[in-house]
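Notebook open, coffee at hand. I want to go through the side-chain contacts one kind at a time and jot down what I find.

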Amino acid sequence: MTQLATHSWSILDDDLGIDPEYRHFPKRAIPGVALRLPGAVLKWYAVNSEERPVPDEIEILARSYLERVPPELGGLGFVILHRCGADFYFLLVNTWRNNNELWETVFYKDGDEMTDFAPFPREGSHKPTFCVWELAPVWHEKQAWERFLDSARDEAAAETWLEDRYTGPA
């Protein structure tokens with residue numbers, strides 16, 4: 001049995017990355033209609049609280065943006081359209097590359113002053129990936145991808161993968 005090393009420092013002395021005013025609350029992941037882009041098939045998820053669903057016009061705008069400005073991707077994957085607050089949205093486009101790697105392109109829309117989605121600026125070397133709510137469909141998609149990898153990887157297996165979607169708490 002491995003022993004944990006003792007230390008003389010407090011874990012809570014450093015910046016925990018949590019605002020003292022932050023209060024966590026539940027959200028849901030809801031699958032939508034798959035999206036076909038040139039060279040890619042993407043499952044679609046909305047992530048939002050029960051009280052604030054993603055408005056239809058925002059989903060239409062997100063889909064339209066991806067069709068008008070398709071990201072450089074190919075293969076199979078999934079999209080998460082996450083309503084983060086009153087009017088801030090992340091549009092996360094994920095594809096499986098190099099057999100078992102999840103690649104991501106991130107877009108956002110911040111309020112009515114932005115008329116469309118745009119690439120999310122990501123400066124610095126330590127970058128955000130997924131929030132705790134987004135991890136629910138990501139975890140499901142990881143498992144679905146492994147099932148596909150273990151399959152015959154034919155058209156029937158691809159159809160099974162496409163129908164294998166998550167609905168539930170995020």
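Which residue lies over the face of W44? I looked, and R63 does, at 4.1 Å from the ring centre. Note to self before going on: this is a predicted model.

**Charges over rings**

I have another case to put beside R63 and W44. K27 sits over the face of W133, and I get 4.2 Å from the ring centre for that one.

**Aromatic pairs**

Next I went for the rings. My search of the whole structure gives 9 aromatic pairs. I took F90 and F120 to start with: the ring centres are 4.9 Å apart and the planes stand at 80 degrees, so I file this pair as edge-to-face. The angle settles it, because edge-to-face applies to planes over 60 degrees apart.

Where do F90 and F120 sit in the chain? I find F90 in strand β4, residues 88–97, while F120 belongs to the loop between β6 (118–119) and α2 (135–149). They are 30 residues apart, and the pair links distant parts of the chain.

I also checked how much of each is accessible. F90 counts as buried at 18% relative accessibility, and F120 counts as partly exposed at 24%. The cut-off for buried is under 20%, so F90 makes it and F120 does not.

On to W145 and F148, which I log as a tilted pair, with 5.3 Å from centre to centre and 35 degrees between the planes. Both are in helix α2, 3 residues apart, or about one turn of the helix. Both are buried, too.

Back to F90 and F120 for a moment. Ring pairs join these two with F88 and Y108 into a cluster.

**R122**

I stayed in the loop between β6 and α2, where R122 is found as well. Its relative accessible area is 26%, and I note R122 as partly exposed.

What does R122 touch, leaving aside residues up to four places away in sequence? My list reads E104, V106, K127, P128 and T129. P128 deserves an extra line: the R122 side chain reaches its backbone oxygen at 2.4 Å.

I also tried R122 against P31. They are 91 residues apart in sequence, and C-alpha to C-alpha I get 27 Å in space.

**Salt bridges**

The count here is 6 salt bridges. I wrote up some of them.

E141 with K43: the closest N and O atoms are 3.0 Å apart. E141 lies in helix α2 and K43 in strand β2, residues 40–48, so this salt bridge ties together parts that are 98 residues apart in sequence. Buried or exposed? Both E141 and K43 are buried.

R68 with D116: I get 2.7 Å between the closest N and O atoms. R68 is in helix α1 (residues 56–68) and D116 in the loop between β5 (101–110) and β6, so here the parts tied together are 48 residues apart in sequence. R68 is partly exposed, with 47% relative accessible area.

K142 with E146: the closest N and O atoms are 2.9 Å apart. Both are in helix α2, 4 residues apart, which puts about one helical turn between them. I have K142 down as partly exposed at 30% relative accessible area, and E146 as partly exposed at 38%.

**Cysteines**

Last job of the day: how many disulfides are there? I count 0. C84 is in none, and the nearest cysteine sulfur to its own belongs to C131, 6.4 Å away. Why no bond for C131? The closest cysteine sulfur to that of C131 is in C84, and 6.4 Å is too far for a bond. For the record, the cut-off is 2.5 Å between the sulfur atoms.

I checked the accessibility of both cysteines before closing. C84 is partly exposed, with a relative accessible area of 29%. C131 counts as partly exposed as well, at 24% relative accessibility.

Terms used: Residues are numbered from 1 along each chain as its sequence is written. This is a predicted model: local features need pLDDT of at least 70, side-chain atom pairs count only at pLDDT 80 or more; totals for chains, interfaces and linings use all residues. Side-chain values use heavy atoms; hydrogens and water are left out. Rings of Phe, Tyr and Trp (its six-membered ring) pair if their centres lie within 6.5 Å; planes under 30 degrees apart count as stacked, over 60 as edge-to-face and the rest as tilted. Helices (H or I, at least four residues) and strands (E, at least two) are DSSP runs, numbered from the N terminus. Buried means under 20% relative accessible area, exposed over 50%, partly exposed in between (1.4 Å probe, protein chains only). A charge sits over a ring if NZ of Lys or CZ of Arg is within 6 Å of the ring centre and within 35 degrees of the ring normal. Contact means heavy atoms within 4.5 Å. A polar contact is a pair of N or O atoms within 3.5 Å; within protein, one must be able to donate a hydrogen and the other to accept it, and residues adjacent in sequence count only if both atoms are side-chain atoms. A salt bridge is a side-chain nitrogen of Lys or Arg within 4 Å of a carboxyl oxygen of Asp or Glu.
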